[in-house]
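Got the viewer ready? Let's take a short tour, one selection at a time.

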Amino acid sequence: MATKAALEAELEETRAKLKKYMQWLIESEEKYNKLVDEKETLLEGLPAYRQAMTRNENLEIINKANEETIARLKNKLAAYEAENFQLREVTKNINEPHNF
């Protein structure tokens with residue numbers, strides 16, 4: 001059976017290992033983040049990447065313009081449909097025989 005002193009010593013040893021592991025984990029995360037940053041910097045410097053990003057930005061601009069055009073055309077279509085309905089009603093009233 002372990003004595004209290006032995007258990008406390010084992011606990012301190014475990015705490016020291018945990019502290020060492022936590023420090024290793026923090027350092028590993030920092031190294032990983034540094035590598036990711038370096039790779040992103042390298043990627044952003046590639047001509048093909050810059051070209052793809054420019055193309056993407058241009059496509060987003062075109063997409064926004066197309067959405068605005070579609071909205072305008074939908075509004076025009078709704079106005080034409082309303083006008084068409086009114087013209088049909090007027091034509092229907094003109095073509096109906098009137099009893100005077």
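Start with the whole chain in cartoon view: you'll find two helices and zero strands (DSSP runs numbered from the N terminus, H or I of at least four residues for helices, E of at least two for strands). The radius of gyration is 37 Å, well over the 13 Å that the globule rule gives for 100 residues, so the chain is more spread out than a compact globule (taken over C-alpha atoms, the rule being 2.2 Å times the number of residues to the power 0.38). Its C-alpha atoms fill a box of roughly 120 × 50 × 10 Å along the principal axes.

This is a predicted model, where local features need pLDDT of at least 70, side-chain atom pairs count only at pLDDT 80 or more, and totals for chains, interfaces and linings use all residues. Numbering runs from 1 along each chain as its sequence is written, and side-chain values use heavy atoms, leaving out hydrogens and water.

Next, select E12 and R15 in helix α1: their side chains meet in a salt bridge at 3.1 Å, N to O (a side-chain nitrogen of Lys or Arg within 4 Å of a carboxyl oxygen of Asp or Glu). They sit three residues apart in that helix, about one helical turn.

Now pick E13 and K17, another salt bridge, at 3.5 Å. Is K17 buried or exposed? K17 is exposed, at 55% relative accessible area, while E13 is partly exposed at 46% (buried is under 20%, exposed over 50%, partly exposed in between, with a 1.4 Å probe and protein chains only).

Finally, jump to helix α2, residues 47-95, and select E89 and K92, whose side chains form a salt bridge at 3.7 Å.
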